[in-house]
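The following exercises introduce a protein chain through its surface, its fold and its charged side chains. Please attempt each task before reading the solution beneath it.

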Amino acid sequence: MTIEDDVREWAATRPLWQQEVLAELADGREFTDADLESLADRVAAATGTATAAGSSTLSIRHGTADQVQLVELGSLNCVNALIDGETLTFGGDGLTIIYGDNGSGKSGYARLLKNMIKTRHEEVVLANVFEDGGDTPSAELVYTISGSRE
């Protein structure tokens, strides 16, 4: 079973309006403010959980999306107990693995990345608790979008 099959199976359990929106999103439609207002009216008027045959034919569009790649996380300043000015460089291909002893900074880097890229669960980046009156934590994230450095 493919992920598309899983999505189709799940979509078939959703109310009709959700199935219609999912089909439109999968087709690449972008919603305007007016579209969202119209959708809100449809949702408010909807009753029951009628389903449509359309979810079984839901097709996931395989367009060409811009690829985002992390290059480095550097210019660290007052981030946890990480050394100021350090740079963490990500590999150009494959997977970058960060390992080390307890207290070596793995979680500090993870917290920093989660805060910078706005993940589902927010992480607070703290200043170095071992230094009095430290600056506000800061760092610079370098990445590429479709090969263009940002």
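**Exercise 1.** State how much accessible surface the chain has and what share belongs to carbon and sulfur atoms.

*Solution.* The model is predicted. Its chain has an accessible surface of about 10,800 Å². Carbon and sulfur atoms account for 51% of that surface. As a further step, consider burial: of the 150 residues in the chain, 20% are buried.

**Exercise 2.** Determine how many helices and strands the chain has, and the order in which they run.

*Solution.* The chain contains 4 helices and 4 strands. Read from the N terminus, the order of elements is α-α-α-β-β-α-β-β. Contacts add to this picture: among those with a separation of 6 or more, 60% are between residues 24 or more positions apart.

**Exercise 3.** Locate the salt bridge of Asp5 and describe the setting of both partners.

*Solution.* The count of salt bridges in the model comes to 4. In one of them, Asp5 pairs with Arg8, and the closest N and O atoms are 3.1 Å apart. Both residues belong to helix 1 (residues 3–11), where a spacing of 3 residues is about one turn of the helix. Next, examine accessibility, for which partly exposed denotes values from 20% to 50%. Asp5 has a relative accessible area of 32% and is partly exposed; Arg8, at 22%, is partly exposed as well.

**Exercise 4.** Explain why the salt bridge between Arg42 and Glu20 ties together parts that are apart in sequence.

*Solution.* The closest N and O atoms of Arg42 and Glu20 are 2.7 Å apart. Arg42 is in helix 3 (residues 33–45) whereas Glu20 is in helix 2 (residues 16–26), so the pair ties together parts 22 residues apart in sequence. Arg42 is partly exposed at 33% relative accessible area, and Glu20 is partly exposed at 31%.

**Exercise 5.** Identify the residues that form one network with Arg29 through shared salt-bridge partners.

*Solution.* Begin with Asp35, which forms a salt bridge with Arg29 at 2.9 Å between the closest N and O atoms. Salt bridges with shared partners then join Glu24, Arg29 and Asp35 into one network. Asp35 has a relative accessible area of 22% and is partly exposed, while Arg29 is partly exposed at 35%.

**Exercise 6.** Name the residues of the negative surface patch and place Asp135 in the chain.

*Solution.* The patch is formed by Asp84, Glu131, Asp132 and Asp135. Asp135 lies in the loop between helix 4 (106–116) and strand 3 (138–145).

Notes: Residues are numbered from 1 along each chain as its sequence is written. This is a predicted model: local features need pLDDT of at least 70, side-chain atom pairs count only at pLDDT 80 or more; totals for chains, interfaces and linings use all residues. Side-chain values use heavy atoms; hydrogens and water are left out. Patches are made of residues with over 30% relative accessible area and no salt bridge: like charges are joined within 9 Å, nonpolar side chains (Val, Leu, Ile, Met, Phe, Trp, Tyr) within 5 Å. Accessible areas come from the Shrake-Rupley method with a 1.4 Å probe; for residues, only the protein chains shown count as cover. A salt bridge is a side-chain nitrogen of Lys or Arg within 4 Å of a carboxyl oxygen of Asp or Glu. Lys and Arg count as positive and Asp and Glu as negative; His and the chain ends are not counted. The place of a charge is taken as NZ of Lys, CZ of Arg, CG of Asp or CD of Glu. Helices (H or I, at least four residues) and strands (E, at least two) are DSSP runs, numbered from the N terminus. Buried means under 20% relative accessible area, exposed over 50%, partly exposed in between (1.4 Å probe, protein chains only). Contact means heavy atoms within 4.5 Å.
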